[in-house]
Amino acid sequence: MSAEQTPTPEASEAAREAEPRPGRLTAAAALAALEGLALVAGGVWMLVEGLAGDPDDRRSAVTGGITLMVLALLPLLAARGLLARRSWSRGPAVITQIMALPVAYNLLQADSVAIPAGIALAVVALTALVLLVNAETTRALGIRGPGNVQK
């Protein structure tokens, strides 16, 4: 028998949280929060436009605004979890970025002022994806790869 003890999951989590948060993790959380806030702003704008403005279809505008505000919860919760170093938060953050890429593509296909928005969204989504799959971020969240099960 070895005199060395294997650390408990609680002890390894406490040791991980005692380390400073990596800048890449903070940046990924900031980008997810930025996307969430943009969705809230777009939802509020659509809702106000639907209620106070003169949209083509008031019901669609209100429904779209509410839908955007509800969808904003995913990246906002993911950002909060990333800042708190919760391992579950990487999944919703990655899903948010993957969902943003087709939206960015559609904005880039528009023949209007939406093209800069598409470029910005694509850059943010790709940057956040790179930050989220980075080894330093994965380690800070306590995510172990396949075959690295703690016994």
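Which helix does L47 lie in? L47 lies in helix α2. The model is predicted. The protein chain has 7 helices and 0 strands. Of its 151 residues, 30% count as buried. A search of the whole structure finds 1 salt bridge, and that pair is treated below.

**Overall fold**

- Read along the sequence, the protein chain runs α-α-α-α-α-α-α.
- Take the contacts between residues at least 6 apart in sequence: 67% of them join residues at least 24 apart.
- The accessible surface of the protein chain comes to about 9600 Å².
- Carbon and sulfur atoms account for 66% of that surface.

**L47 and its contacts**

- L47 is part of helix α2, which spans residues 23–52.
- Neighbours within four places in sequence aside, L47 is in contact with A61, V62, G65, I66 and M69.
- L47 and T63 are 16 residues apart along the chain, and their C-alpha atoms are separated by 7.8 Å.
- One of the contacts of L47 is I66, a residue of helix α3.
- I66 counts as partly exposed because its relative accessible area is 43%.

**Nonpolar surface patch**

- I66 also belongs to a nonpolar surface patch, together with V70, L73, L77 and W88.
- The patch covers about 510 Å².
- Helices α3 and α4 each supply at least two residues of this patch.
- Helix α4 spans residues 73–83, and helix α3 spans residues 58–71.

**Negative surface patch**

- Four residues gather in a patch of negative charge on the surface: E49, D54, D56 and D57.
- D54 sits in the loop between α2 and α3.
- D54 has a relative accessible area of 69%, so it is classed as exposed.

**The salt bridge**

- Which residue forms a salt bridge with R24? The partner is E136.
- The closest N and O atoms of R24 and E136 are 2.8 Å apart.
- R24 lies in helix α2 and E136 in helix α7, so the pair ties together parts that are 112 residues apart in sequence.
- R24 is partly exposed, at 38% relative accessibility.
- E136 is partly exposed too, with a relative accessible area of 29%.

**Helix α7 and T138**

- Helix α7 covers residues 135–140, and T138 is found in it.
- Is T138 buried or exposed? T138 is buried, because its relative accessible area of 14% falls under the 20% cut-off.
- Residues up to four places away in sequence aside, T138 touches R90, L132, V133 and I143.
- Two of these, L132 and V133, fall within residues 114–133, the span of helix α6.
- R90 is another contact of T138; helix α5 spans residues 90–109.

**R85 and L141**

- R85 is found in the loop between α4 and α5.
- Phi of R85 is near 60°. That is a positive value in a residue other than glycine.
- R85 is buried, with a relative accessible area of 6%.
- L141 belongs to the segment after α7.
- L141 counts as buried, at 1% relative accessibility.
- R85 and L141 are 56 residues apart in sequence. Their C-alpha atoms are 5.1 Å apart in space.

**A120 and A104**

- A120 lies in helix α6.
- How far apart in space are A120 and A104, C-alpha to C-alpha? The distance is 8.1 Å, with their positions 16 residues apart in sequence.
- A120 is partly exposed, with a relative accessible area of 42%.

**Points to check in the viewer**

- For a charged pair, look at R24 and E136, the residues of the salt bridge.
- For a link between α2 and residues further along, look at L47 and its contacts, including A61 and M69.
- For a buried loop residue, look at R85, at 6% relative accessible area.
- For surface character, look at the nonpolar patch with W88 and the negative patch with E49.

Note on methods. Residues numbered from 1 in each chain as written. Predicted model: local features only at pLDDT ≥ 70, side-chain atom pairs only at ≥ 80, totals over all residues. Heavy atoms only, no water. Patch = residues over 30% accessible without salt bridge, like charges linked within 9 Å, V, L, I, M, F, W, Y side chains within 5 Å. Areas by Shrake-Rupley, 256 points an atom, 1.4 Å probe, with all protein chains shown as cover. Salt bridge = Lys/Arg side-chain N within 4 Å of Asp/Glu carboxyl O. Lys, Arg positive; Asp, Glu negative; His and termini not counted. Charge placed at Lys NZ, Arg CZ, Asp CG, Glu CD. Helix = DSSP H or I, 4+ residues; strand = E, 2+ residues; numbered from the N terminus. Buried < 20%, exposed > 50% of the residue type's maximum accessible area, 1.4 Å probe, protein only. Contact = heavy atoms within 4.5 Å.
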